[in-house]
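Colleague: I've got the structure open and would like to go through the terms people use for it. Can you walk me through them?

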Amino acid sequence: MAREATSSSNEAFATSVSGIVSSLARDYAANTPQRLKVIDAYMAFCVVVGVLQFVYCGLAGTFPYNAFLAGFGSAVACFVFAANLRMKTNPKNRAQFPTGSPEGAFTEFVFCHIALHFIVANFLG
Amino acid sequence: MNLLALLGTLLLLSSVWIGTVEAKSSVGDRVLVLVPKLESAKHYSRFLDSLKTRGFDLSLSAASNTSVSLQIDGERLFDHAILLAPAAKKMGGGLTPQDFVRFVNDGGNLLVAVSSELSDFHRKLGKQFGIDFEPRGSWAIDHSEFAEQNNQTDHRLIAATNLAKVPAVLSPEILTGGSGTNASLPVFYKGIAHRYQAKNPLLIPLLVGSTTTYSGKTEVDKDGNIRSAAVDDMPLSGKSVGLVSVFQTRNNARVAFSGSTALFSDPLFKRTESGNAPFVESISKWVFQEKSVLRESNHRHYLLSTGEQPDHYLITNDMVYEIDLSVYNNDKWHPYKADDVQFEAIMLDPYIRVTLNRTQTSDSSATAATYHGHIRLPDRYGTFTFRVNYKRTGYSNVDVQDTVAIWPLRHDGYPRFLTAAYPYYTGSLVMVLGFLALSAVWLWNAEPAALKESKDMQKPRDDEKKKTKSKSK
């Protein structure tokens, strides 16, 4: 009896978890603007590139350390810039950024990136 | 006339040739021998005659002779000196122990024999070389290992066998007791003992007492026998009883001290079963630089790639160091063969210390053995010293030093791209491309989202308006 009860509760839990995930995905697909979805994909890409470089550094050693810092830092900074862009262009955050426009946020994003990649290229060795 | 001139040159050449053959010592053959009186030299006739047959030019002199001097205008007059006058308070015309130390510092070799009645001069001279003679009037005594003399037992005449195993000084026949007729015979010794500094690396206690040897005084009893006096204090005993010690200075001059003049005398040479003659021959050959003289005849270092010695090396260069070593034995320079010759590259600390390998050669007439080492220089720039510092017991010191500069790589000497860093290059490039891709999507491919966004953007603005209105109300 107890087993059945636990299994049934597990099933209920599983269905509820899958239900949460699926409803989350559905909600995300339906209610998130496409621009934010693109930014989300870009941020996931940044994480993958950063983790790959970190794993490589762990396996191959820290030499050349400056190149590692440049490559890994580039991924981290891109992630941060994308997060900022997402915050500023998210319509739900409009109240927090009453003065800025999405175009202005994108301009800032571009300038930050130009500076970042200039520094990274210098630091790469 | 021409024929005469030719004969003259031939004669001159042959005399030069004979001269070179006769000089058996590697440094020179002028010997000063100081004895108490000229007549007493005959006690040591066998020893002195053996020196003459070995090609030495002996200048025999009484210790009291005031015309004796060791040098004129800073130039040594003798290459070697033998002091056989232990009781003399002054040497020659007021020569002090310091004069003999200076003589040794100038490269002269010194053989000193003293006896129980030694003067202050000898005590002071010994102290300069880490040798501390026992009080005047004392003897090295052994009640177990003594020799009979004239059917009288005299425990001061020791039959010493405790030789230091130093093949560079003592010939192998003496040490191993091989097939030679004089093999492993005792060395007869009658004289004073000395303390030696066991920790002094320059000093070799060549002949020391056995376990039953000690240093003490003697007295004559009513029957006329010599008896050992009572020992009242802890005497110098056993292996710490120094009998014969040799010393090699840092400038490769050699000094020997014997507490017994009798060791060199004819009666003890002539005794049956006496090992004195080969022992004295060994130490005199060593002291007068006839054997175990080591020298570096040549050395070089060069880049492995070019085979030439550069102005300066670069860090982590591959280079070769070579050194030629000869040893003087039996009247000739021979290749010195060893497996412990080490090279060091030093900048305050040794960065590299490697054992050099002997280059095999089929040339049997070679006078030097070549040692070589392939060395990768350290990843460190600065002024380095290449050094071979070879110091082995009984051999002359070889210390060869070169100061070389090791430079860092030039700015364009480094590799432009490192293989290990390729993932990082790719990573940062991929991030640039990602940024460009995002920008492209943002600018040209966001129509539907823009429409939707514009709708969404209306709402919060309406809310704001409502808020401001309620506030104003």
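Colleague: What share of the 473 residues in chain B counts as buried, and what makes a residue buried?

Modeller: Keep in mind that this is a predicted model. A residue is called buried when 20 or more other C-beta atoms lie within 10 Å of its own. By that cut-off, 34% of the 473 residues in chain B are buried. For chain A, buried residues make up 24% of its 125 residues.

Colleague: How do you know that chain A isn't a compact globule?

Modeller: Set the radius of gyration against the globule rule. A compact globule of 125 residues would come out near 14 Å, but chain A has 21 Å. The box tells you about the outline too: along the principal axes, the C-alpha atoms of chain A fill roughly 70 × 45 × 20 Å.

Colleague: What makes up chain A, helices or strands?

Modeller: Chain A has 4 helices and 0 strands, and the pattern along the sequence reads α-α-α-α. Chain B has both kinds, with 9 helices and 28 strands.

Colleague: What share of the contacts in each chain joins residues 24 or more positions apart?

Modeller: Two residues are in contact if their C-beta atoms lie within 7 Å. Take the contacts with a separation of 6 or more: in chain A, 69% of them join residues 24 or more positions apart. For chain B, that figure is 72%.

Colleague: Which stretches are labelled "transmembrane region", and how do you know that?

Modeller: That label comes from UniProt, in unreviewed entries. The record gives residues 41-61 and 67-85 of chain A, and residues 424-445 of chain B. Such annotations may be inferred rather than shown by experiment, but we can look at what the model has at those positions. Residues 41-61 of chain A are 95% helix and 0% strand, with the end C-alpha atoms 30 Å apart. Residues 67-85 of chain A are 100% helix and 0% strand, and there the ends lie 27 Å apart. In chain B, residues 424-445 are 95% helix and 0% strand, with 30 Å between the end C-alpha atoms.

Colleague: Which parts of chain B touch chain A?

Modeller: The contact takes 25 residues from chain B and 29 from chain A. On the chain B side, α8 (422-444) and α9 (447-472) each supply at least two residues. The helix that gives the most is α8(B), with 14 residues. By class, the chain B side has 18 nonpolar, 4 polar and 3 charged residues.

Colleague: Why are β9 and β11 of chain B called edge strands?

Modeller: They belong to an open sheet of 3 strands, in the order β9-β10-β11 (chain B), with antiparallel pairing. β9 (146-149) and β11 (187-189) of chain B each have a single partner strand, so one side of each has no neighbour in the sheet. That puts both at the edges. On average, neighbouring strands of this sheet are turned by 50° against each other, direction ignored.

Colleague: How do you know that β9 and β10 of chain B are paired?

Modeller: Pairing takes at least two bridges between two strands. β9(B) and β10 (residues 152-160) of chain B have 3 bridges and run antiparallel, so they pass the cut-off. In this pair, Gln149(B) stands opposite Gln152(B).

Colleague: Which strands form the mixed sheet in chain B, and which are at the edges?

Modeller: It's an open sheet of 5 strands in the order β20-β28-β27-β23-β24 (chain B). Its edge strands are β20 (313-314) and β24 (349-355) of chain B, each pairing on one side only. Within the sheet, β27 (residues 382-390) and β28 (residues 398-407) of chain B are antiparallel over 9 bridges, with Thr385(B) partnered by Thr403(B). β23(B) and β27(B) are joined by 3 bridges, also antiparallel, and here Ala345(B) stands opposite Phe386(B).

Colleague: What lies between β23(B) and β24(B) in their hairpin?

Modeller: There is 1 residue between them, and Leu348(B) in the turn has a positive phi of about 65°. β23 (residues 342-347) of chain B is joined to β24(B) by 6 bridges, running antiparallel. One bridge pair is Phe343(B) with Val354(B).

Key
Residues numbered from 1 in each chain as written. Chains lettered and ligands numbered in written order. Predicted model: local features only at pLDDT ≥ 70, side-chain atom pairs only at ≥ 80, totals over all residues. Rg over C-alpha atoms; globule rule 2.2 N^0.38 Å. Buried ≥ 20, exposed ≤ 12 C-beta atoms within 10 Å, placed from the backbone. Axes fitted to C-alpha atoms, helices over the stretch in contact; angles between N-to-C directions. Nonpolar A, V, L, I, M, F, W, Y, C, P; charged D, E, K, R; others polar.
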